[in-house]
Structures are given as C-alpha cells and as structure tokens.
Amino acid sequence: MESDLLCEFESLRAKSITSIRAAKEEGRKVVGKYCIYSPMELVLAAGAIPIPLCSTKQDPIAEAEKVLPRNLCPLIKSSYGYAASGACPYFNASDLLIAETTCDGKKKMYELLSDIKPLHLLQLPQKQDEEALQYWYGEILKLKNRLEEDFSVTITDHNLREAIQLMNEERRSLQDLQDIAKLKPSPISGIDLLMVLYNRGFSVDKKEAVFMVDRLTLELKELYSKGVTPFTRKTPRILLTGVPIGIGSHKVVQIIEENGGNVVCFESCGGYKAVYDRVDEEKEPLLAIAKKYLGTPCSCMSPNLARFELVERLAEEFDVDGVVDLTWQGCHTYNIESYSMKKYLQEKRNRPFLQIETDYSESDVEQLKVRIEAFLEMIN
Amino acid sequence: MVNKIDFLKYSERGEVVITAGIDVGSTATKAVIFDGTIRSMAIIPTGWNPKEAGRNVFLEALNEASLQEQDISMIVGTGYGRVSLAFIDRKVTEITCHAKGARFLFPQTRTVIDIGGQDSKVIAVGEDGSVVDFIMNDKCAAGTGRFLQVMTGILDITLDELGQMASGSKPVSINSMCTVFAESEIIGLLAQEVTKEAIASGIVQTIANKMLSLTSRVPCLEEITFSGGVANNPEICAVLSSAFGAKFNIAHQPQIVGALGAAILGYEKL
C-alpha cells in the first residue's frame with residue numbers, strides 16, 4: 001500500500017528523536033521501557049515522556065555476547081547490546097528505565113543494565129489472582145513514589161485519571177486499526193500493519209499519534225470500499241502469536257507475505273494483547289491500572305490460559321486459516337507453551353498450527369521459507 | 001504394484017497430457033515424466049550448479065522417454081533448488097510433493113518419512129491424502145544424509161558398506177546427535193579400538209533415534225512410506241522400521257518420490 005500517511009509513520013522514529021531532544025531541553029523527563037507490563041499511565045501522570053527502547057535488531061547482538069551467554073533469547077541480547085553500546089538514542093535520552101521480572105533472562109539482564117542507567121524494577125507476580133493483584137498494587141505504588149521522588153513531582157488522582165483516559169483512547173484507536181484486517185481481503189498487509197504498530201509507539205505526542213492512527217483506519221476503510229487491497233479473497237489469513245516482534249525482527253511476517261499469505265492479526269505484545277483490555281475509568285486509579293496490566297496474557301504467567309482463549313477468540317473473529325506461533329530461541333516460556341497452545345487450538349477446532357523457532361539472524365531464511373510455504377500450501 | 005491415475009487426460013489437440021516434476025535437492029537432482037503413470041525418470045548429482053543440474057536431469061528424463069520439451073504441458077519444480085529453475089511453470093515445496101508422490105505409490109500412506117541430503121522430515125497425511133501436519137529437522141545435519149556421509153567418511157566406507165557392516169552388529173552407543181561432535185566421538189571410539197561394525201551399527205541407530213524423536217511431535221499413523229536417498233539402503237531401512245515398530249513402504253526408487261509428486265501436482269492442475 002502506498003500512502004502519504006504510511007510514509008509519515010515510517011518517518012516517525014527519526015522525527016521523535018528530535019522531539020525528545022527538544023522536550024528534554026525544556027526540562028521534561030524521559031522514561032524508557034521494554035515491556036507492555038510497564039504502566040504508561042504513571043509515566044504520563046508524572047509529566048514524563050514514556051518511550052520504547054531498541055530491542056528488535058540483530059546488529060548489537062555481537063556486542064551483547066561479550067557479556068551475555070550466546071544461547072539466550074535474541075530480544076534480551078539485542079536490548080542489552082543496544083544499551084551497552086550506546087546505539088539506542090532513546091536509551092541514551094532516558095532519565096529512568098522501568099523494568100519487570102518477567103522471564104529469568106530479562107531479570108538477570110536488568111541487573112546488568114542497572115549499572116548503566118537508573119532502573120526501577122517492578123517485581124511482577126507470575127499468577128493473576130486477587131492475592132497477586134494486591135502484591136502488584138504495592139509494586140505500582142512503589143513506582144509512583146519512585147517517579148515522584150526522582151522527578152520531584154506529585155502524581156495526583158487527577159493526573160492519573162487523565163493519563164488513563166489518554167491511554168484508553170490510544171488502545172481504542174489501535175484496536176480499531178487492527179480490526180480493519182477483519183475485512184476480507186484485508187486492505188493492509190501484515191508488514192505495513194506491524195510497521196505502524198511498532199513505529200507509532202515512538203511518538204512523543206500520544207494525542208497526535210491517536211489522531212494519525214484514526215486517520216489511517218479511515219483511509220483503510222475507504223480503500224476497502226473501493227476494493228483496493230494487496231490480497232484476494234483466497235489469500236490464506238494467518239494469526240501470529242508468540243514472542244514480541246518489531247521492525248528488524250519481522251522476518252517471519254515478511255516470509256509469510258512474500259509467499260502468498262497475509263498476517264491479519266498480531267496477538268503478540270505489540271499487537272492485540274496490549275490493547276484489547278482497558279483500564280477501568282470508574283475505579284480507584286492505581287488499583288485499576290494494576291488490574292489491567294497484571295491481566296496481560298504473557299507466557300511468564302503460570303497458568304496462562306488467558307492467552308489460549310485470546311488466540312482462539314481472535315482466530316475466530318479474524319477468520320484465520322492458520323496460526324503461526326513464533327518463539328525465539330532461548331525463550332523457554334514461549335517455547336514450552338507452544339506445545340500446550342497447539343493442543344488447545346487443535347482440540348477446539350483442529351486449527352492448522354505452525355511453530356517457528358528462530359532468532360534475529362538471516363541464517364535460516366531458506367529453511368523457514370520451505371516450512372512456511374509448505375504450511376501455506378497445506379492450508380490453501 | 002501398479003500405480004496409475006485411472007483417467008488419462010487429453011490436450012486440446014487430442015494428445016495425452018504429459019507433465020514433468022523436477023526435484024533439485026542438496027545432493028541429488030531428480031526428474032519424473034508423468035502421463036497418468038511414470039513414463040521415465042532420471043537422477044543425477046546436484047553438484048555446485050543447481051540450475052544446470054535441474055536442466056540436465058530434465059533433458060535426461062525426456063531423452064529416456066523419447067520426448068521433446070514441447071511435448072510437456074507443465075513442469076513443476078520442488079526441492080531447495082526450485083527457485084533456481086527458470087523454465088518451470090510452478091514451484092511447490094517438497095513437503096506437499098512427497099506426500100503426493102508417496103500416496104500415488106502407496107495409496108494407504110498416512111505418514112511419510114523422508115531423509116534427504118540436508119534435512120529430514122516427517123509428514124502426516126490425512127485420509128484424503130492432504131498434508132495435515134509436518135515437522136522438519138532443518139537447522140542442523142543431525143539425522144540427515146549429510147550426517148551419514150560425514151560418518152562414512154571417517155570410517156572410509158561407502159553408504160552401502162555402512163549398512164552391510166551395521167547389520168547384525170551390536171551397536172556402540174553414540175551420544176552426540178551433532179554431526180561435528182559425533183565425528184569427534186567416533187574418532188575417540190576408533191582410538192579405543194571399537195570395531196568398525198559396532199560403530200557403523202551405532203551410527204545407524206543414531207539416525208533411527210533422531211527420526212523417532214521427530215515423530216513424537218506429529219501423529220505417526222500407518223502406513224508409513226520411507227523416501228529419500230537413505231531409503232536405498234536396506235539395512236538402514238530395517239533398523240528404522242524396527243525402531244518404529246512398523247513396516248515401511250519403500251519405493252523401488254525412493255529418491256524420486258518428490259519429483260513424482262511434483263509431476264502429479266502438475267498433472268492434476270491441468
């Protein structure tokens with residue numbers, strides 16, 4: 001799809017570096033984060049700029065392997081390599097990092113990162129019941145105190161409610177955009193959708209980003225009504241679940257689409273998982289925030305039935321022909337969970353399922369092509 | 001065993017439709033000419049130039065069938081080298097082709113085990129003959145023809161001799177699945193004066209174990225058809241078949257199953 005709006009999204013990351021520098025000169029603080037368990041509302045309520053950090057490219061992995069073991073997940077290695085080598089401008093601009101004890105690899109890597117930057121570690125419980133919520137609420141409260149202390153601000157309920165509204169509005173716009181791909185055939189390719197979902201996160205002005213996303217959604221609706229689409233009604237529709245991906249770690253999406261498929265739904269972190277649930281605007285703000293974030297269906301939770309239910313529901317709603325479960329090498333939680341995911345989906349509806357275990361390198365592209373092409377032939 | 005498609009297809013000019021399947025593998029390149037039944041086949045080493053190998057094997061198979069290029073209505077390419085063939089009409093992955101070819105030769109096939117030069121795979125086939133699931137070992141040489149090639153290199157024997165030596169010998173346990181580590185392990189065993197026969201038997205057992213571990217992830221129903229160059233070796237087939245506790249179907253020319261499947265897919269498409 002060629003569109004001026006898509007070009008705007010493409011240039012968003014470069015643009016945001018300039019905006020961050022300008023904002024910092026005016027005294028605004030920047031908070032870097034890696035994971036969707038980081039509660040953005042608190043950062044916004046503290047008047048700071050939340051920004052995602054680089055973690056999706058192969059380039060800094062060699063640098064990271066000077067310190068980290070080679071057989072670790074590429075996302076952790078890339079994150080650390082970017083940070084340690086100074087190659088991530090967002091990391092460099094950050095005044096504070098928010099991190100969580102999600103998987104073992106990440107929490108040990110964060111210990112190393114805390115030598116480079118001030119880092120606030122949230123101890124994330126790994127179950128999602130009432131007891132865990134009370135504990136997590138305490139953690140959220142500690143983050144609020146840390147932000148107030150570090151940035152010499154007071155976070156009021158009013159600030160929090162405004163931030164909740166803004167973030168819910170962002171979630172609403174992102175869900176609307178992703179729902180466009182429910183149309184058959186989808187007017188947007190998975191690779192373009194991924195680029196938008198990934199790049200918009202770097203926008204410093206969240207209201208502006210919501211406006212841009214809404215404009216794109218409208219544009220796509222028009223394209224659909226005119227019958228403009230890169231696909232046909234016969235194009236196999238794929239739901240991608242599993243590990244987080246972004247631009248740089250998008251090779252599986254690219255291979256699927258270059259071989260005649262269409263990724264219509266990203267259940268993963270940067271996609272539907274982050275936006276399908278909202279923060280309750282009626283409840284006490286901090287508790288409502290704690291509840292929404294703890295509910296995130298990540299494989300670090302045990303059990304993680306909510307992910308299976310979400311994938312099945314989305315597979316149904318997006319009318320997909322097959323599910324691809326992408327797992328990074330060394331990501332034990334997603335790799336192990338893949339077995340149960342397959343079993344769950346096949347017992348429900350005997351849905352075609354393909355697990356791809358890979359890393360960020362290009363070394364296995366030819367082999368992946370055979371498997372993905374064969375999978376597309378199988379479901380077509 | 002007589003395998004035929006029940007109906008013959010005729011072109012607009014009233015001639016019998018003939019298709020070709022070309023399978024460019026990492027080690028061997030195969031071609032089958034098909035007109036409802038196998039008209040001819042050819043197998044040549046791939047060498048360093050998959051494009052040329054694909055062309056040559058096609059011409060050889062045509063020659064064998066006393067046909068000209070213009071007699072062929074559709075050419076389907078498969079195998080890792082399929083992308084290098086400019087003259088094909090369609091490309092299909094080896095997964096789909098192996099399932100198709102195996103079902104043609106053995107219509108009751110529900111599982112295809114293929115050990116090729118650089119990958120091995122298990123394909124689950126539905127009752128209707130379509131692929132329902134598959135698993136590939138494609139990131140390392142463990143359990144592939146290349147593994148066997150390296151091992152026979154250390155023992156200074158051919159693949160046929162490996163099978164003969166292995167049969168009837170008590171296998172020594174080889175713990176490494178990794179080709180490079182297994183190589184060191186075998187060099188160590190030779191230094192301890194373990195017999196070539198016991199090592200050969202151990203190597204074959206390693207392949208069987210690797211294939212068994214692959215099948216734990218996909219349904220493995222009978223009948224099982226074994227394809228690929230390694231299936232040419234009767235002793236290795238016997239070890240695998242006993243490890244699986246099932247009888248294997250093995251084609252007269254197990255290497256051509258993929259090329260045959262490609263030719264049939266072309267035939268059905270017309």
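Helix H8 of chain B is mostly tucked away in this predicted model: 11 of its 13 residues are buried. The helix covers residues 257–269, and the buried set takes in Val257(B), Gly258(B), Ala259(B), Leu260(B), Gly261(B), Ala262(B), Ala263(B), Ile264(B), Leu265(B), Gly266(B) and Tyr267(B). From its first C-alpha to its last, H8(B) reaches 18 Å, which is close to the 18 Å expected at 1.5 Å a residue. In an α-helix there are 3.6 residues a turn, so residues three or four places apart point the same way.

Another buried spot in chain B is Thr144(B), which sits in the loop between strand E8 and helix H3 (145–155). Why does Thr144(B) count as buried? Its relative accessible area is 0%, and buried means under 20%, so Thr144(B) falls in that class. Setting aside residues up to four places away in sequence, Thr144(B) touches a run of residues from Ile115(B) through Gly116(B), Gly117(B), Gln118(B) and Asp119(B) to Ser120(B), and also Asn137(B) and Ile207(B). Its side chain also reaches the backbone nitrogen of Arg146(B), at 3.2 Å.

Strand E8 turns up again where the two chains meet. Here 15 residues of chain B are in contact with 15 residues of chain A. Together the chains bury about 1400 Å² between them, with 49% of that on carbon and sulfur atoms. How many salt bridges are there between chain B and chain A? The count is three, and in one salt bridge the side chains of Glu373(A) and Lys91(B) meet at 3.5 Å, N to O. The interface also has five residue pairs in polar contact, with both residues at pLDDT 80 or more. On the chain B side, the elements giving two or more residues are helix H2 (94–105) and strand E8 (131–137). E8(B) gives the most, with five residues. By type, the chain B residues that touch chain A split into six nonpolar, two polar and seven charged.

Over in chain A, Gly295(A) lies in the loop between helix H13 (285–294) and helix H14 (305–317). Is Gly295(A) buried or partly exposed? With a relative accessible area of 27%, Gly295(A) is partly exposed, because this value lies between the 20% limit for buried and the 50% limit for exposed. Leaving out neighbours within four places in sequence, Gly295(A) is in contact with Gln128(A) and Tyr276(A). As for Ser3(A), that residue is 292 residues from Gly295(A) in sequence and 36 Å from Gly295(A) in space, C-alpha to C-alpha.

Terms used:
Residues are numbered from 1 along each chain as its sequence is written. Chains are lettered from A and ligands numbered from 1 in the order in which they are written. This is a predicted model: local features need pLDDT of at least 70, side-chain atom pairs count only at pLDDT 80 or more; totals for chains, interfaces and linings use all residues. Side-chain values use heavy atoms; hydrogens and water are left out. Contact means heavy atoms within 4.5 Å. Buried area is the accessible area (1.4 Å probe) that two parts lose on being put together, summed over both. A salt bridge is a side-chain nitrogen of Lys or Arg within 4 Å of a carboxyl oxygen of Asp or Glu. A polar contact is a pair of N or O atoms within 3.5 Å; within protein, one must be able to donate a hydrogen and the other to accept it, and residues adjacent in sequence count only if both atoms are side-chain atoms. Helices (H or I, at least four residues) and strands (E, at least two) are DSSP runs, numbered from the N terminus. Ala, Val, Leu, Ile, Met, Phe, Trp, Tyr, Cys and Pro count as nonpolar, Asp, Glu, Lys and Arg as charged, and the others, Gly among them, as polar. Buried means under 20% relative accessible area, exposed over 50%, partly exposed in between (1.4 Å probe, protein chains only). The expected span of a helix is 1.5 Å times one less than its number of residues.
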